[in-house]
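Reader: I would like a close look at one side chain and its surroundings, followed by a description of the sheet in the same chain. Please take the polar contacts in turn before moving on to the strands.

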Amino acid sequence: MEKFELMAATAFGIESVTNYELKKLGYETKAEDGRVNFEGTFSDIARTNLWLRTSNRILIKAGEFDATDFDTLFERTFSIEWDELLTEDATFPVELSSVKSKLSSAPACQSIIKKAIVERMKKRYHINHFPEDGPQYKIIVHIVKDRVTLGIDTTGESLNRRGYRVNISEAPLKETLAASIVLLSKWKNRFLLWDGFCGSGTIPIEAAMIAKNIAPGSLRRFVFEEWKNFPRNVIESEREKSMDLISDDPVVIIGTDEDEQMIEFSKRNAKRIGVDKIIDFRVSKFEKFVPEAPGFFISNLPYGMRTDENDLDGIYREIRRKFSSNDWRLFLLTADENFEKKFLRADGNRKLFNGRIEVRLYRYEGRKYS
Ligand SMILES: C[S@@+](CC[C@H](N)C(=O)[O-])C[C@H]1O[C@@H](n2cnc3c(N)ncnc32)[C@H](O)[C@@H]1O
């Protein structure tokens, strides 16, 4: 079966988590900034789209080269065998970003790349005009420090769109980021997991999907499913296999939020992906809730327009108080730049991105707080 060079695109800061996921699925990998490289067949494209919790998309690497002028960009793009994958009716928009490179004009580079692909396709299909009225093969190009990487997107809508989150809070966490946080926390099913500011439920739901081994892509479709040259039934067979892998291990996950509507949303979202039975969602102010046992507290703390400094100080004080005598492990995600100063020095922190917003995950090992 044909093998491709593949790239799992990730948000910055998440590469090592996606790398871990791919290794667990049995692939040999190489992580770089913003992506993890691996090799695979059509089945692997289906499998990784279906199973990766922390990647944004899977791309087929079409080519990679250095270019500092338009002629080289054209020639090298033209030399790629686009016609091996793109069908005659393919729609192939070019999306491009350029960072710290001589070729800095995205529109100019985009149109040169498009022209080079069209010329290549003309040679193969012997037509002068491509209708582009068939399935989409989006070409995603990154130019970083004069190194050009061209990929063909197999995913379509980003993988964070699992399909279960129809109802969302005002500041929802990306599903891929929520899954990354849970994986980074190394939480295991035998421990209780509580999110005391759960909003629309993203962290508890992603944790429950991890605990039950539910494939994150099981509710959605991928753009490769429309490709005529992608073997049929590959994805169906992967979906079927994934159903047999769902685990029944007992698990205790709690999600609380003071906002009744949020808890209603969380319940509905959880139901769509089949984890409503294993998450205890309750309306409660953080201050009032008393969990039955210690465990992992993993939460995206309130921060932003609707939370004023006084509220925040109160919340931080409450968190310190509640966990002062317990053996909890805390993983707190916030965009508050002065968080450690106001709360407590962390045992570790990690810079992450929720979309374009820079956030940090602060880790506090189980210990006594004074
Ligand atoms: C940043 S949002 C969480 C978003 C969530 N991670 C998601 O993906 O939807 C913070 C949440 O904290 C809740 N909240 C604020 N203060 C609270 C308090 N004192 N007790 C409980 N919930 C509170 C808000 O209702 C809001 O839903």
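Author: In this predicted model, the side chain of arginine 220 reaches the backbone oxygen of serine 158 at 2.8 Å, and a polar atom of that side chain also lies 3.1 Å from the backbone oxygen of arginine 161. Arginine 220 belongs to the loop between helix 6 (202–212) and helix 7 (234–244). Although arginine 220 is buried, it has no salt bridge: the nearest side chain of opposite charge is that of glutamate 157, 5.2 Å away, whereas a salt bridge would require a side-chain nitrogen of Lys or Arg within 4 Å of a carboxyl oxygen of Asp or Glu. Glutamate 157 is nevertheless among the residues that arginine 220 touches, a list that, leaving aside residues up to four places away in sequence, also includes Thr155, Gly156, Ser158, Leu159, Arg161, Arg162, Glu225 and Arg239.

Turning to the sheet, seven strands form an open arrangement in the order 10-9-8-11-12-14-13, with mixed pairing. Strand 10 (279–283) and strand 13 (348–354) stand at the edges with a single partner strand each, so one side of each is left without a neighbour in the sheet. From one strand to the next, the twist averages 15 degrees. Within this order, strand 8 (residues 192–195) and strand 9 (residues 253–257) run parallel and are joined by three bridges, and aspartate 195 stands opposite glycine 255 in strand 9.

How values were computed
Residues numbered from 1 in each chain as written. Predicted model: local features only at pLDDT ≥ 70, side-chain atom pairs only at ≥ 80, totals over all residues. Heavy atoms only, no water. Helix = DSSP H or I, 4+ residues; strand = E, 2+ residues; numbered from the N terminus. Buried < 20%, exposed > 50% of the residue type's maximum accessible area, 1.4 Å probe, protein only. Lys, Arg positive; Asp, Glu negative; His and termini not counted. Polar contact = N/O pair within 3.5 Å; in protein donor to acceptor, adjacent residues only side chain to side chain. Contact = heavy atoms within 4.5 Å. Pairing = 2+ DSSP bridges. Axes fitted to C-alpha atoms, helices over the stretch in contact; angles between N-to-C directions.
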